[in-house]
Structure formats: C-alpha cells, structure tokens
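Here are some questions and answers on one protein model. Look at the sequence and the structure before reading on.

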Amino acid sequence: MYLEFLEVKNAYIKASRRAFACGLAAASGGNISARIPGSGYMLIKPSGITLGDADEDNLLITDLEGTVIEGVRKPTKETILHGGIYRKMPEVGGIVHAHPLYSLMCANCFDLLPLVTKQMKQITDSPVPICKLKSLTVEQEGMEEIYRSLEQINRPCGFLLEEHGVVAFAKNVIEAEYIAELIEENARVYWNMKLMERGGVN
C-alpha cells in the first residue's frame, strides 16, 4: 500500500511539472489529482501554487468531498470536479484540469471539439464535449451536466469547459497529462483549420 502511494505521488509530481513546462496552465491556474489506490482518498494540489511547484512537501491528501486528511494548506477549489469524476468513474486514476490557449478558445467558441488528429482518434470515438457552465468553479449542478455529456461518449477521455479549459482523465495521472496535451494539440489544429477556411492563419 505504501509503495503504491509513493509511486502515485512520484507520478503526480512528474505529471504536474510536465504540464507546467508544456504551458498547459499559467501562474497558479490548473489542478491535478491522483486517486490513492485502496482508499477513498486522492492526492491533490493546494490552492495558490503553480503546477511546476508541486512537490512532496505541499501536496494534500483529501477525501472525494475535498476534506483534508493530510496536509496544512487549502485544497484547490475544484475538489468537487475531481471527486465527482472519481465517484462516477471508478476506472479513472488521474485527472488533469488545465487552461491551455487553444482549448480555451475552442471551448468559448464552439459547442463541441471534433477529432482532427490521428492520436485523438486512437483515444476516443467521439468529439470532445464542451460544457457551458456558468459558475466560476464546478459545483454539483455542473457535475450533473458533465455526467450527461460523458454518458453520450463511447470512450470518454475528457471534456472542455467554457472559459475554463480542458479536463482530461485516464487510468493514471501520467496518461491523463498526456491526454490533456493531445486534446490541446487537437484544439490547436482544429482552430487553425477553421481560420484557414476563412482565409486566415494563426
């Protein structure tokens, strides 16, 4: 159990630092979580630090409602989002929520994100859903909308939130971070395809 926890923690730090290095989130934006095997707990970033600063000294352990079990800082405001996905999808072991540019633009301008790269088509069969939530953070009412969107997808791997970026998930946190990168790449290709249709490039 303890060795599994260490493995998850090390994977979390690796994924978090890679996400920051790839520019998936600016400043202290974005949040990542990892399910702790054999428990009802998750490892999550505290509020107010960057993804690049996540380390073993500041990560928190919370239950799926966001109650801090271990750690002294305040958890991210998006614990409802992370915990809700874990409760609904027991196969998910890692979640990455980030604010990359093209995912944000597509989430703000479109109703769904078609698959336009081969890598995304290998991951899922359906367009990436876009949820138009109005609250600053995802509340339980918003989770119900997210659940409805995901239930329409054969192999869901993530979704976009209007004004709030990408949420990617997978069996572990490393794979979730890779999927977040691939969704952003797909969004970038799609955005530029739409620009080219209109006679412009970016």
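Two strands count as paired if DSSP finds at least two bridges between them. The model discussed here is predicted.

Q: Which residue of strand 5 stands opposite Ala34?
A: Strand 1 covers residues 31-35, and strand 5 covers residues 94-98. The two pair in the antiparallel sense over four bridges. Opposite Ala34 in strand 5 stands Gly94.

Q: Which residue of strand 2 stands opposite Ala34?
A: Strand 2 spans residues 41-44 and runs antiparallel to strand 1, with three bridges joining them. In strand 2, the residue opposite Ala34 is Leu43.

Q: In the hairpin of strand 1 and strand 2, which residue takes a positive phi?
A: This hairpin has five residues between its strands. One residue there has a phi near 70°, and that residue is Gly38.

Q: Are the two faces of strand 1 covered or exposed?
A: In a regular strand the side chains alternate between the two faces of the sheet. Asn31, Ser33 and Arg35 lie on one side, with Ile32 and Ala34 on the other. A residue counts as buried under 20% relative accessible area. These residues are all buried, and both faces are covered.

Q: Which helix gives the most residues to the largest nonpolar core?
A: This core has 42 residues, and Cys106, Leu113, Leu160 and Ile183 touch the most other members. Among the elements giving two or more residues to the core are strand 1, strand 5, helix 3 (101-109) and helix 6 (173-197). The most, ten residues, come from helix 6.

Notes
Residues numbered from 1 in each chain as written. Predicted model: local features only at pLDDT ≥ 70, side-chain atom pairs only at ≥ 80, totals over all residues. Heavy atoms only, no water. Buried < 20%, exposed > 50% of the residue type's maximum accessible area, 1.4 Å probe, protein only. Core = buried A, V, L, I, M, F, W, Y, C linked by side-chain atoms within 4.5 Å.
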